[in-house]
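Visitor: Could you show me the model? I have some questions about its helices and its chain contact.

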Amino acid sequence: MSVIETISLLFIPLFIVFVIVYGIVKKTRVYESFVEGAKQGLTTSFKVMPYVIAFVFAVGLFKAAGGFELITQALKPVLEFLHVPGEVIPLVITRPFSGSAALGILASILKESGADSFAGRVASTIMGSSETIFYTVALYFGSVGITKTRHTVTAALIAEVCCLAASIILCNILF
Amino acid sequence: MINYLWAFMIVAAFIIAVINGKTAELSEAALISVKDAALMCLSLIGAYSLWLGILNIAKKSGLTEKMAKALSRIIRYVFSGIREGSRAISYIALNISANILGMGNAATPFGLKAMQELQALNPDKSKASDAMCMLLVVNSTSIQLLPLTVIALRSAAGAKNPADIVITTFLATIVASITGIASAKILEKRKNKQ
């Protein structure tokens with residue numbers, strides 16, 4: 001594993017150096033180009049801010065009110081029937097909405113059940129393999145003014161369910 | 001969709017809070033969450049600027065064009081309706097690569113650039129095109145080589161081998177990518193027929 005880790009940590013600086021060296025070889029004005037591109041960092045960040053605020057606000061309210069616990073309670077019978085470990089259910093529910101809230105739940109699962117427990121490993125796999133679907137949809141579509149999202153969420157959720165099933169089956173086989 | 005989801009979360013939060021007797025927590029949660037969101041965006045300015053700067057060098061030197069040429073066929077197969085030579089191809093390729101390598105801070109600016117290009121090609125500006133839906137699905141189901149945050153958290157929690165979930169995560173994301181792309185393809189064909 002440490003080989004993959006080293007390669008991946010080396011990749012970012014290597015990629016940057018490669019792009020700059022390639023630019024110099026092709027006689028590009030690298031410094032001016034960098035600055036010109038970097039200007040968009042500020043505008044991009046400001047452009048997405050209202051969408052991020054709107055979404056995080058709604059999730060924050062819902063979380064504070066205990067909304068995720070309520071959905072967890074409602075979906076628990078179904079998910080337990082599908083052999084999802086009980087401890088992991090709150091993580092599964094929260095993950096598509098908020099990365100930081102899901103990370104907090106993962107930390108508490110690792111603490112209470114143990115990092116090397118079955119639930120701990122399933123939870124880690126789910127955290128690593130799934131995304132904050134609703135947040136990404138709100139951000140990407142919001143930034144260009146799309147309101148009709150068509151089949152995006154359906155397809156993403158189908159994949160999420162398959163990914164969840166795969167996580168549980170894989171942890172059963174490999175650990 | 002986003003409209004209803006957003007309104008639902010807020011209205012439901014209020015109703016649930018009244019039932020749970022947690023109305024006092026609501027206003028505090030509202031203020032803290034918007035502050036966190038604003039701070040997060042501000043803290044991302046640096047990373048966004050870095051990656052958009054590097055991207056611009058790659059663009060000016062012709063590197064993105066080269067990359068787009070090499071990956072044109074496969075990307076245009078998965079993302080329908082993109083013309084040969086469109087800038088969207090290299091942005092999508094960079095967005096996917098950054099996601100796979102776990103560089104979320106780079107994936108977002110590349111993805112947003114790709115979204116702008118796709119919106120320029122989109123005939124109905126309020127309705128997502130097939131390619132836009134696919135970009136979102138690909139971003140939600142990306143293959144993950146190294147989930148660094150999770151490994152760090154497991155290490156802090158005293159796991160014997162914190163990285164032992166790398167293989168399960170990798171395989172699970174392959175399942176997610178395949179099922180995600182396949183469902184999006186099937187759904188886009190079905191909806192286009194109607």
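Visitor: Which residue follows α7(A), with a positive phi?
Guide: The model is predicted, local features need pLDDT of at least 70, side-chain atom pairs count only at pLDDT 80 or more, and totals for chains, interfaces and linings use all residues. Residues are numbered from 1 along each chain as its sequence is written, with chains lettered from A and ligands numbered from 1 in the order written. Helices are DSSP runs (H or I, at least four residues), numbered from the N terminus. The phi is near 80°, and the residue after α7(A) is Gly145(A).

Visitor: What does α7(A) reach from its first C-alpha to its last?
Guide: α7(A) has 12 residues. The expected span is 1.5 Å times one less than the number of residues, here 16 Å. The reach is close to that, at 17 Å.

Visitor: Which helices of chain B help cover the buried residues of α7(A)?
Guide: Buried means 20 or more other C-beta atoms within 10 Å of a residue's own, C-beta atoms being placed from the backbone. Phe134(A) and Tyr140(A) are among the buried residues. The cover includes α2 and α8 of chain A. From chain B it includes α1 (2-20), α5 and α6 (130-140).

Visitor: How many residues does chain B give to the contact with chain A?
Guide: Residues are in contact if their C-beta atoms, placed from the backbone, lie within 7 Å. Chain A gives 86 residues. α2(A) gives the most to that side, with 25 residues. Chain B gives 92 residues.

Methods
Two residues are in contact if their C-beta atoms, placed from the backbone, lie within 7 Å. Helices (H or I, at least four residues) and strands (E, at least two) are DSSP runs, numbered from the N terminus. A residue is buried if 20 or more other C-beta atoms lie within 10 Å of its own, exposed if 12 or fewer, and partly exposed in between; C-beta atoms are placed from the backbone.
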